[in-house]
Amino acid sequence: MTTILFELGTEELPPKSLKTLRDALTDNVKAALDSQNIAYEAIKPFAAPRRLALQIIGISDKQPDRTEQKRGPAVKAAFDSDGNLTKAGLGFASGLGITKDDIITISTDKGDYIGYELTVQGKPVTELLPAIFQKALDDLPIAKRMRSGASKEEFVRPVQWVVLMADSTVIDATIQGHMAGNLTRGHRFHAPDFVSIAHADEYEAVLQNAKVIADFDQRQAAIKEQVAKLSDEVGAVAIVPDELLDEVTALVDLPVALRASFEERFLAVPQEALISTMQADQKYFCLTDKDGKLLPYFVFISNIESKDPSQVILGNEKVVRPRLSDAEFFFLQDQKQPLFALTENLKNRIFQDKLGTIWEKSERIATLSAFIATQIGANTEEATRAALLSKCDLASTLVGEFPELQGVAGTYYARLNGEAKGVADAIEEQYLPKFAGDKLPATDIGTALALADRIDTLVGIFGIGEIPTGSKDPFSLRRASIGVLRILIEKRLNLGLSELIQHALSGYGDKLSDAAKTFDEVMEFINARYRAMYSEQGVAVDTIQAVQAMGIDVPMDFDDRIRAVQVFRSLPQAGVLAENNKRVANILAKADVAVSDTVDEAVLVEAAEKALFDAVKSAQAAVLPLQAAADYQAILTTLASLSEPLTAFFDGVMVNSDDAKLKANRLALLQQVRNLFMLVADISLLQG
């Protein structure tokens with residue numbers, strides 16, 4: 001079997017896209033090979049700063065032959081009464097260069113047709129590969145392509161060379177305007193000249209000798225290993241975000257990790273600012289102690305094996321010093337006045353044109369935070385103070401330079417100003433959760449502030465008609481809504497959405513033209529987020545719909561019902577009960593008389609309806625204490641006992657009796673059944 005080697009050599013590829021380009025190229029080539037029935041054992045991808053490459057191992061030499069069936073006119077039109085070919089039949093045969101004896105009959109649902117089975121010879125794979133690779137490159141997810149000089153060929157970066165080989169033979173091809181060969185280039189500095197590849201299997205070894213680790217994953221593993229070793233030497237833990245690791249891996253051919261240090265005085269600056277500038281600007285891996293406190297070290301990845309690594313280390317220390325000094329300057333500059341003094345600046349900063357300034361938003365949040373604090377047993381004075389300080393750091397020079405530190409900077413300044421611990425902690429926690437799966441506020445004050453901030457934004461933006469549409473959500477209202485639901489549910493807060501929204505509306509005064517409409521739209525929008533949130537957790541859509549039908553106002557209660565229905569669905573009686581509940585709902589909906597929920601036991605005639613009545617009475621008594629405790633799971637488990645008597649009722653009792661009194665009583669009995677299940681959810685909406 002043959003090994004194919006394809007390499008596209010370029011100027012330095014965009015590091016944030018390299019891994020994506022590698023994976024897309026691999027997927028595109030796999031899809032093309034599969035579509036053309038070309039067999040192979042494996043594809044190994046490579047990606048380095050100046051190259052994208054693939055080895056296709058164990059590829060077949062040619063496509064398999066295949067049979068194509070050509071269909072002609074209907075048999076009755078192709079032959080005359082004597083069995084000779086008609087003009088239509090002769091035309092079909094001559095077009096394919098065949099005789100009457102070669103013709104077959106093809107039977108279909110629409111009748112019999114004449115046809116011919118044509119054997120198509122498979123093409124040599126080497127003839128097909130150039131077009132396959134060019135198409136794979138054309139289909140890469142590249143937002144903006146460029147041309148080099150007078151060349152008409154476009155790619156994400158100028159192409160410098162192309163390698164295309166089958167074992168030791170160069171495949172004659174032109175890809176991206178370059179003739180394919182067997183020459184590649186090594187490390188830009190250590191081995192800049194072209195080197196020859198004798199065999200496709202030797203690709204990695206050739207580049208290894210030329211100081212290039214072509215395998216992206218192998219390079220990344222080497223980086224992680226080296227960073228961990230250097231961290232361990234000083235008893236530290238490295239911060240290695242996945243995105244930064246991918247980017248650094250894409251920047252180097254030959255990773256050489258080195259550890260450097262900075263002055264300990266910089267540790268007085270918020271460590272988030274130091275980490276941010278070292279990661280974003282310098283692509284460094286910061287080191288912390290086991291408790292997450294920043295240490296005065298960092299690890300960087302060099303792309304050369306220096307004869308004097310100490311000079312490389314000194315150079316990086318020299319480069320990072322002014323960046324850390326800037327962060328220190330901003331931090332010290334902000335401390336020349338108390339955090340609260342920055343509120344004057346907020347009075348001139350617009351939150352939204354129609355909704356006023358950031359300071360006005362802070363005042364609204366303060367009122368709403370205080371209300372929430374009273375509901376959850378938190379300190380209302382601290383909640384108010386935290387809200388008034390919550391946006392002050394937006395006017396600080398540190399956040400001006402590092403926008404991602406909003407909240408974090410405010411917490412540092414609040415602590416330096418001697419604010420209460422709950423107040424200081426809440427300023428940072430107001431932004432939690434920041435993304436799906438992120439942690440929630442840990443303190444009660446932080447919880448109140450996080451809820452108030454999001455609900456105020458939701459009400460205000462909806463109040464001015466800026467409702468999210470499709471993928472357009474500039475104020476991240478979907479994320480804000482899910483944040484509200486998560487906080488209320490996961491922190492087990494017995495708070496209703498309607499009351500929170502009403503309080504938020506009152507804070508806007510006459511700024512919003514239609515408070516009633518805004519209330520309805522915000523409620524509908526937040527309730528619509530349940531489906532997305534629970535679907536991600538694997539909850540079935542009909543389970544969500546069954547609970548939503550209840551119009552639950554308290555998210556914590558909504559969640560309890562969801563969990564109860566999930567457990568109920570695992571019961572053996574669940575399917576039958578769901579179907580019978582659907583039948584009950586339909587009968588009651590179509591009733592042409594007013595349905596009472598009071599059953600007259602004296603009117604019960606049939607044994608099945610008497611049995612159901614007794615079962616309902618027992619269930620009502622059993623669920624009464626469970627209802628008081630909101631133990632929905634136990635309620636549904638108890639109601640599972642109604643499965644047999646309800647089934648027997650439908651099997652043996654005519655609900656819509658000609659006797660009006662019997663009919664009314666039986667409808668009332670079914671109403672009691674429905675009322676029991678509706679204590680938890682509309683089980684009739686469950687689908688099997």
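Over how many bridges do β2 and strand β3 pair, and in which sense? Select residues 51-59, which are β3, together with β2: the two pair in the antiparallel sense over seven bridges. Keep in mind during the tour that this is a predicted model.

**The sheet**

Now widen the selection to the open sheet of five strands, whose order is β2-β3-β1-β9-β10 with antiparallel pairing. Colour β2 (42-48) and β10 (169-170): these stand at the edges with a single partner strand each, so one side of each has no neighbour in the sheet. Next, pick Ile43, and find Ile56 of β3 standing opposite.

Add helix α1, residues 18-35, which packs on the sheet. Helix α1 touches β1 (2-10), β2 and β3, and its direction makes about 30° with that of β3. Then add helix α4, residues 125-138, lying across β1, β3 and β9 (159-166). Helix α4 runs at about 35° to β1.

**Aromatic pairs**

Show the aromatic side chains; a search of the whole structure finds 14 aromatic pairs. One of them is formed by Phe46 and Tyr203, an edge-to-face pair with 5.2 Å centre to centre and 70° between the planes. Phe46 belongs to strand β2 and Tyr203 to helix α5 (residues 203-209), so the pair ties together parts that lie 157 residues apart in sequence. Phe46 has 1% relative accessibility and counts as buried, and Tyr203, at 0%, also counts as buried.

Move to Tyr530 and Tyr534. Their ring centres are 6.2 Å apart and their planes are at 20°, so this pair is stacked. Both tyrosines sit in helix α19 (residues 515-536), and because they are four residues apart, about one helical turn separates them. An α-helix has 3.6 residues a turn, so residues three or four places apart point the same way. Tyr530 and Tyr534 are both buried.

For a cluster, select Tyr284, Phe298 and Phe300, which are linked by ring pairs.

**Helix α23**

Finally, select residues 607-628, helix α23. Its 22 residues reach 32 Å from first C-alpha to last, close to the 32 Å expected at 1.5 Å a residue. Where is the kink in α23? Centre on Ala622: a kink of about 30° lies there, shortly before the proline Pro625.

Show the side chains of the buried residues of α23, among them Leu612, Phe613, Val616, Val623 and Leu626. The buried residues of this helix pack against α24 (632-639), α25 (643-652) and α26 (660-677). End at Ala630, just after α23, where phi is positive at about 55°.

Conventions
Residues numbered from 1 in each chain as written. Predicted model: local features only at pLDDT ≥ 70, side-chain atom pairs only at ≥ 80, totals over all residues. Heavy atoms only, no water. Pairing = 2+ DSSP bridges. Contact = heavy atoms within 4.5 Å. Axes fitted to C-alpha atoms, helices over the stretch in contact; angles between N-to-C directions. Expected span 1.5 Å × (residues − 1). Bend = angle between axes of the 7 residues up to and from the residue. Buried < 20%, exposed > 50% of the residue type's maximum accessible area, 1.4 Å probe, protein only. Phe/Tyr/Trp six-rings, centres within 6.5 Å; stacked < 30°, edge-to-face > 60°.
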